[in-house]
Amino acid sequence: MIASIKDNDELQMNAYYDGELDPASAIEFERRLAGEESLKARYDRLLSLRRAVRSLPQFEMPPGLQARINSTLDERPGQAGRPAQTGRLTRRSWPLQALAAAAVFGAVISSSVMLTIERYGQREDVARQVVAGHIRGQLATQPFDVASSDRHTVKPWFTSRLPESPQVPDLAAQGFMLAGGRVDVVGRDPVATIVYKHAAHTVSLTTLPHGQSASGQTIAGYNVRSWSDAQFTYIAVSDLPSADLATFERAFSAASPVPETK
């Protein structure tokens with residue numbers, strides 16, 4: 001009975017994603033998504049899987065491969081003087097090279113799918129950890145460890161605590177007031193989080209070592225935006241609309257050019 005319910009949920013999730021439910025069923029499914037955490041988690045996994053599959057690189061068919069496939073499929077044992085077997089292609093009629101190529105191609109595609117899904121899962125996990133840090137900051141008495149609107153105070157505070165610290169630009173002229181900073185933990189590593197205020201909203205900007213990445217999305221009601229330069233990967237989290245976070249990214253990037261390396 002439980003398996004049957006789960007199968008029906010899977011069918012509904014796919015139909016809802018594809019827009020195939022009638023309005024009444026779609027409304028009922030959305031009500032369940034809002035009230036059932038386990039169903040919401042399964043639906044989020046479905047979205048993650050579909051996004052991962054869509055992000056796979058598109059492979060172009062090598063020149064001449066289609067012609068060789070057609071030629072192989074057209075071959076019949078009767079062409080060698082034996083009665084033809086219509087409607088059936090036996091394994092023996094396939095050249096050994098074609099079977100090997102098909103096996104290798106299948107292995108490559110399978111590996112690419114699994115690697116892409118794994119990497120997407122890692123990026124999503126990083127984003128969730130950063131959002132968790134933002135939420136903890138919101139629940140605390142104040143969302144920072146050092147409170148200051150002076151970048152010359154916040155930057156040295158990071159420098160004394162972390163191996164690498166980001167630039168801390170003053171973005172007050174762009175509408176984002178520096179409020180302070182804190183040290184969060186992503187994975188097992190301490191990282192710098194700069195805190196800005198925009199009206200009544202808080203923006204947490206977490207900096208990760210260059211080479212790491214996170215997926216931009218909405219998690220627990222908070223918008224997530226990620227970008228990188230030659231030094232760091234930046235992940236901004238806020239309840240601000242996505243367009244305002246994009247404005248914040250442009251302001252931060254313009255105000256903190258990457259130092260030239262000698």
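**A buried aspartate, helix 6 and the nonpolar cores**

Asp184 lies in strand 2, where helices (H or I, at least four residues) and strands (E, at least two) are DSSP runs numbered from the N terminus. The model is predicted, so that local features need pLDDT of at least 70 and side-chain atom pairs count only at pLDDT 80 or more, while totals for chains, interfaces and linings use all residues. Residues are numbered from 1 along each chain as its sequence is written, and side-chain values use heavy atoms, with hydrogens and water left out.

Asp184 is buried, with a relative accessible area of 9%; buried means under 20%, exposed over 50% and partly exposed in between (1.4 Å probe, protein chains only). Among its contacts (heavy atoms within 4.5 Å) are Gly133, Pro190 and Thr206.

The buried residues of helix 6 are Val154, Trp157 and Phe158. They lie on the same side of helix 6, because they cover an arc of only 95° around the axis, taken from the directions from the helix axis to the C-beta atoms. Their cover includes strand 1 (146-147), strand 2 (177-186) and strand 3.

The largest nonpolar core (buried Ala, Val, Leu, Ile, Met, Phe, Trp, Tyr and Cys residues joined through side-chain atoms within 4.5 Å) has 23 residues, and those with the most contacts inside it include Phe158, Ile194 and Phe248. Helix 6 (151-159) and helix 7 (242-255) are among the elements that each supply at least two residues of this core, and helix 7 gives the most, with four. A second, separate core of twelve residues includes Val130, Val186, Leu208 and Val237.

Methods. Lists of a residue's contacts leave out its neighbours within four places in sequence.
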